[in-house]
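Q: I have a structure open and would like to talk it through. Can we start with the basics?

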There are 2 protein chains.
Amino acid sequence: MKTELETICRKINDRLCALVPSDNALTGEVSQAAVYSLSGGGKRLRPVLMMKFYELCGGKESGNLLDIFCTIELVHTFSLIHDDLPCMDNDDYRRGRLSCHKAYPEAIALLAGDALSVLPFEIISQSAKNGVISYETAAKLTYALSHAIGIEGMIGGQVIDMLSENTQIPEETLYELQKKKTGALISAACEMGCILANADDKTISLAKEYADKLGLAFQIRDDILDVTGTFEELGKPIGSDKEQNKSTFVTLLGVEKAEKLCRELSEQAAKILSQFENSEFLTSLTEMLIDRRN
Amino acid sequence: MKTELETICRKINDRLCALVPSDNALTGEVSQAAVYSLSGGGKRLRPVLMMKFYELCGGKESGNLLDIFCTIELVHTFSLIHDDLPCMDNDDYRRGRLSCHKAYPEAIALLAGDALSVLPFEIISQSAKNGVISYETAAKLTYALSHAIGIEGMIGGQVIDMLSENTQIPEETLYELQKKKTGALISAACEMGCILANADDKTISLAKEYADKLGLAFQIRDDILDVTGTFEELGKPIGSDKEQNKSTFVTLLGVEKAEKLCRELSEQAAKILSQFENSEFLTSLTEMLIDRRN
């Protein structure tokens, strides 16, 4: 699984930066800032999920869909750039490097994020105009992605996250925060893979149910690592949640209970995947993500 | 013309704020911030242009397309919110009221802008899923709009604008700045109206040519008013371009030559419109926009 994952990630990394328009010298700096953040590594979890659900639903020859798989990583990177800004989390580091607004002027980082938030829709609609996907598929992808980003999705989650600073939020609010802030995009990744393969509604529901389990487990692992990890492992300062007085699954449940919940979700996710044929890759990936050290 | 314009603007204003998802108490503040900026008035030039080009190209009964017309105003408002932020133009006022990040926390303003940048794509794709427009039309609208926003359009223009601060930029750079920063969205508005009416490529070219003339004249008028207007007329401080040492058509050409160019462009725009039937409304609107005092 790991070798295949590395091969996929290499393909994604090779393509990702080429998607940013960069042939105009006057606007070169914003393109560079976007490419800087896109090339900062990361697990490429979301495009991998989209590709693998496409295959799981019977999709073939995914080579010409690589740009579409990448769209979700463009959105994820946009969210990281804006999340790190001084008025948001004010994080100077991301993945062991300076965050975008530290490597570039703050305004350029803001605009690079803006550009990455809209570029996916240009890529999806262009793919439809070029006949790579149908117009109907394009509309469904556009809806799934834009809804996942908006106030009812990721952006709404960021708002709740901010309001959760310096206060103890109720458990149900923390679940809603996670479901929106990180869950929505992970769910959209799985859904978009199904849409690309023309999967039926029942299959899409199953994929989203899996995504909910994975997304929650992934976030709980993140919260645990913020307490138990090291700067070297994570590439960012440890204890930032505590420093910002954020409510997390660890502050709410403690490390032990959080670990237990993580494992339960992992098992539930695996059970859902077992309903699909050829789901070995995703089952291994799920385990790896939930057991990760960074 | 003015009465009809007022009627159209009222319809747009009534609908605009209702497009923002706002039924979740936890994310209510970002919805309020978006609605605050959307309800700040403005000429609603872009949706009016879209509607009128739709009609000019033979489109009928535009009532069910109101949400689509509004999408371009959502984008325009997103750009104003981000443009006013401290790391960008750092403007405390917009249309005679506090700018979004002065009325709300800066992070909320940032996220409200982000939400408004993506909402149009949700509305367009939703309209296709509901059968209000065809999937093909949705893809074409999505492409026109996202391309106009991106690095090759408005965002690229904002980058050039920032680089033009505290320096005298060459004339051709100023033209490129305008064409991208304000021209791209005005052009997209006209193009989207044509797309909605299934106009042919020749008609779309003509509409974009008109938009280029109007957009440039509109910007030159803006630059002139920044020198000759008053706070009461404009609802924002006068002389902000000079204060920020920005290159404008006035600093480059002087008021007199800028006025002359404005009139020439106005005549050229009117000439293009005369090639369409029933273009009286747009001809009057063009004159009004270029002769405006605010």
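A: We can, with one term to begin: two residues are in contact if their C-beta atoms, placed from the backbone, lie within 7 Å. Keep in mind that this is a predicted model.

Q: OK, so what share of the contacts in chain A with a separation of 6 or more comes from residues 24 or more positions apart?
A: In chain A, such residues account for 71% of those contacts.

Q: And what is chain A built from, in helices and strands?
A: Its secondary structure comes to 15 helices and 2 strands.

Q: How compact is chain A for its length?
A: The radius of gyration of chain A is 18 Å, close to the 19 Å that the globule rule gives for 294 residues, so chain A is as compact as a globular protein of that length. Along the principal axes, its C-alpha atoms fill a box of roughly 50 × 50 × 35 Å.

Q: How much of chain A counts as buried?
A: Of its 294 residues, 51% do.

Q: Changing topic: what turn lays chain B on chain A?
A: A turn of 180°, with a shift of 0.0 Å along the axis, and the RMSD is then 0.0 Å. The two copies are therefore related as by a two-fold rotation axis.

Q: Which C-alpha of chain B is nearest the axis?
A: That of Tyr135(B), 2.6 Å from the axis.

Q: How many residues does each chain give to the contact between them?
A: Chain B gives 46 residues and chain A gives 46 residues. The elements of chain B that give two or more residues to this side are α2, α6, α7, α8 and α9.

Q: Which of them has the largest share?
A: Helix α6(B), with 15 residues. By type, the side of chain B that touches chain A divides into 24 nonpolar, 14 polar and 8 charged residues.

Q: Why say that the copies meet through the same surface?
A: Because 100% of the interface residues of chain B are also interface residues in chain A.

Q: Back inside chain B, how do α7 and α9 cross?
A: The axes of α7 (residues 135-149) and α9 (residues 171-196) of chain B come within 9 Å and cross at roughly 175°. Angles over 145 degrees count as roughly antiparallel, so α7(B) is roughly antiparallel to α9(B).

Q: Which residues make that contact?
A: On α7(B) they include Leu141(B), Ala144(B) and Leu145(B), and on α9(B) they include Leu185(B), Ala188(B) and Met192(B). The residues of this contact divide into 10 nonpolar, 2 polar and 2 charged.

Technical notes. Residues numbered from 1 in each chain as written. Chains lettered and ligands numbered in written order. Predicted model: local features only at pLDDT ≥ 70, side-chain atom pairs only at ≥ 80, totals over all residues. Axes fitted to C-alpha atoms, helices over the stretch in contact; angles between N-to-C directions. Helix = DSSP H or I, 4+ residues; strand = E, 2+ residues; numbered from the N terminus. Parallel < 35°, antiparallel > 145°, perpendicular 65-115°, else oblique. Nonpolar A, V, L, I, M, F, W, Y, C, P; charged D, E, K, R; others polar. Rg over C-alpha atoms; globule rule 2.2 N^0.38 Å. Buried ≥ 20, exposed ≤ 12 C-beta atoms within 10 Å, placed from the backbone. Least-squares fit on C-alpha atoms with pLDDT ≥ 70 in both.
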